[in-house]
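Hi,

Here is the structure I said I'd pass on. Have a look at it first, and then read my notes below.

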Amino acid sequence: MSRTIDEKVVEMRFDNQDFERNVSQSMSTLDKLKGALDFSGVDKTFSGLTNAANKLDLGSVGDAIENVGSKFTWLETIATGALLNIGASIETYLTNQLKGLTIDNVTAGFDKYADKTKAVQTIMNATGKEIGEVSDQLERLNWYTDETSYDFTEMVASIGKFTSAGVDLETAVTSMEGIANWA
């Protein structure tokens, strides 16, 4: 049995008659397929498609696309301008709000402090009083101006003039309050 297996494995035989019959059958099958697909008018069909494509004018389509594109550019310009205006308005609003919350109030406070310091020096020079006594009288005047609608800076300047003219400090402060009440 082993000799038979060895012969079949090693032996290779070419049967030409089987080969020709199988090739013939394959060729017949291919001819039937070619007949079923009918490629006879393909060259005319491609020629017709080429002629139709050559007759097609895409110029008007291109013009329409260009027209739509220009309208989008116009709309883009308008939208950009509107957004820039909105952005500028927001920036102006926020700048004014922040300035009102921070810089103006701080500046006004420093101005008031500078005026008070200058007035204290003027009053101290005119009356010969110590800083503690002058500050006490000006604090009294500052409280008065906060409770009323009178300007502290103007009142302190007037007290400086009174004391420079020889009026006592306490009398000058009381007089300013009286003048403001009378007014």
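Let's start at a small detail: G128, just after helix 5, takes a positive phi of about 75°. Helices here are DSSP runs of H or I with at least four residues, strands are runs of E with at least two, and both are numbered from the N terminus.

Before you go further, this is a predicted model, so local features need pLDDT of at least 70 and side-chain atom pairs count only at pLDDT 80 or more, while totals for chains, interfaces and linings use all residues. Residues are numbered from 1 along each chain as its sequence is written, and side-chain values use heavy atoms, with hydrogens and water left out.

**The overall picture**

The protein chain has eight helices and zero strands. Of its 183 residues, 13% count as buried, where buried means under 20% relative accessible area, exposed means over 50%, and partly exposed is in between (1.4 Å probe, protein chains only).

**Helix 5 and its neighbours**

Helix 5 covers residues 103-127, which makes 25 residues. From first C-alpha to last it reaches 36 Å, close to the 36 Å expected at 1.5 Å a residue (the expected span is 1.5 Å times one less than the number of residues).

Which residues of helix 5 are buried? They are K116, A119, V120 and I123. An α-helix has 3.6 residues a turn, so residues three or four places apart point the same way. The buried residues of helix 5 pack against helix 6 (131-147), helix 7 (152-164) and helix 8.

**The core**

A nonpolar core is a set of buried Ala, Val, Leu, Ile, Met, Phe, Trp, Tyr and Cys residues joined through side-chain atoms within 4.5 Å. The largest one has 16 residues, and L138, L141 and I159 touch the most other members. Helices 5, 6, 7 and 8 each supply at least two residues of this core, and helix 8 gives the most, with five.

Try clicking on L141: leaving out residues up to four places away in sequence, its contacts (heavy atoms within 4.5 Å) are F152, M155, V156, I159, V173 and E177.

**Two residues to look up**

S175 sits in helix 8 (residues 169-182). Is S175 buried or partly exposed? It is partly exposed, with a relative accessible area of 28%. The C-alpha atoms of S175 and F162 are 9.5 Å apart, with their positions 13 residues apart along the chain.

L37 belongs to helix 2 (residues 16-37) and is partly exposed as well, at 48% relative accessible area.

Cheers
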